[in-house]
Amino acid sequence: MAEETASAPAPVVAAASKKRNAVTVKDVPAQDFVKTYASYLKKSGKITLPKWTDVVKTACHKELAPTNPDWFYIRAASLARKVYVRSGTGVGRFRKAYGSRERRGSQRSHRAIAAGGVIRSALAALQDLKVVELDPKGGRKITSHGQRELDRIAGRIAARRAAIAAGRA
């Protein structure tokens, strides 16, 4: 009797029947997501860069334009993540979020807001991709297509991080 149970093969579970946990944008680190989604936007070629991206400043209190040539893709990816995390956010709130300290020489520093045109054009590019849409209550919200796309990319990041963690263990 003991020999029969020892020789019986172990039950085989199909890979499709295993339960997988869904990974969302909120489950992965923001920096990893933004870098990965920005590179995806650049490689896919779906977003065309505006002509002014090499000369425009991101805020009136900045002295120079961004030095990273992919800054527009990074800003668009960051905006997509922010809309995903908090729906109904408008351009004014994004201007505050991307703003920073304005240095005024010997006077005290003040908080200054970012350029709205950059944010509007990045959101318009995401709207053309059907990632975000106008919310009837105000601001922008993520579309179902956009949520599916962003969650798919977050799943890739989580799988890559799990593979790295498994390699270390």
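Is Lys-141 buried, partly exposed or exposed? In this predicted model, Lys-141 is partly exposed, its relative accessible area being 25%. The partner of Lys-141 is Glu-133, and the two residues form a salt bridge in which the closest N and O atoms lie 3.6 Å apart. Glu-133 is likewise a partly exposed residue, with a relative accessible area of 33%.

This pair belongs to a short list, as three salt bridges are found when the whole structure is searched. Another of them brings together the side chains of Arg-161 and Asp-32, with an N to O distance of 2.9 Å. Because Arg-161 sits in helix H6 and Asp-32 in helix H2, this pair ties together parts of the chain that are 129 residues apart in sequence. Both ends can be found with some surface showing: Arg-161 is partly exposed at 43% relative accessibility, and Asp-32 is partly exposed with a relative accessible area of 24%.

Helix H2 takes part in a further salt bridge, and here the residues to look for are Lys-42 and Asp-70, whose closest N and O atoms are 2.8 Å apart. Lys-42 lies in helix H2 while Asp-70 lies in the loop between H2 and helix H3 (71-85), so the pair links parts that are 28 residues apart in sequence. Lys-42 has a relative accessible area of 42% and is partly exposed; Asp-70, at 24%, is partly exposed as well.

Ser-39 offers another view of helix H2, which spans residues 30-44. The side chain of Ser-39 reaches the backbone oxygen of Thr-36 at a distance of 2.8 Å. With a relative accessible area of 32%, Ser-39 is partly exposed. Its C-alpha atom is separated by 8.1 Å from that of Ile-74, a residue 35 positions away along the chain.

Attention now turns to helix H6, which covers residues 144-168. Where does Asp-151 of this helix find a polar partner? The side chain of Asp-151 is joined to that of Tyr-84 by a polar contact of 2.7 Å. Asp-151 is buried and yet has no salt bridge. The nearest side chain of opposite charge belongs to Arg-148, and it is 9.0 Å away. That distance cannot count as a salt bridge, because the nitrogen and the carboxyl oxygen would have to be within 4 Å.

Helix H6 also contributes to the charged surface. Lys-35, Lys-46, Arg-152, Arg-156 and Arg-160 form a positive surface patch, and helix H6 gives the most to this patch, with three residues. Arg-160, one of the patch residues, lies in helix H6 and counts as partly exposed at 45% relative accessibility. Arg-161 is also in helix H6, but its side chain is engaged with Asp-32 in the salt bridge described above. Patch members must have no salt bridge, so a residue with such a partner is not eligible.

A final point concerns the backbone. Lys-130 has a positive phi of about 65°, although this residue is not a glycine. Lys-130 is located in the loop that runs between helix H5 (116-128) and strand E3 (132-134). At 55% relative accessibility, Lys-130 counts as exposed, since the exposed class begins over 50%.

How values were computed
Residues are numbered from 1 along each chain as its sequence is written. This is a predicted model: local features need pLDDT of at least 70, side-chain atom pairs count only at pLDDT 80 or more; totals for chains, interfaces and linings use all residues. Side-chain values use heavy atoms; hydrogens and water are left out. Patches are made of residues with over 30% relative accessible area and no salt bridge: like charges are joined within 9 Å, nonpolar side chains (Val, Leu, Ile, Met, Phe, Trp, Tyr) within 5 Å. Accessible areas come from the Shrake-Rupley method with a 1.4 Å probe; for residues, only the protein chains shown count as cover. Lys and Arg count as positive and Asp and Glu as negative; His and the chain ends are not counted. The place of a charge is taken as NZ of Lys, CZ of Arg, CG of Asp or CD of Glu. Helices (H or I, at least four residues) and strands (E, at least two) are DSSP runs, numbered from the N terminus. Buried means under 20% relative accessible area, exposed over 50%, partly exposed in between (1.4 Å probe, protein chains only). A polar contact is a pair of N or O atoms within 3.5 Å; within protein, one must be able to donate a hydrogen and the other to accept it, and residues adjacent in sequence count only if both atoms are side-chain atoms.
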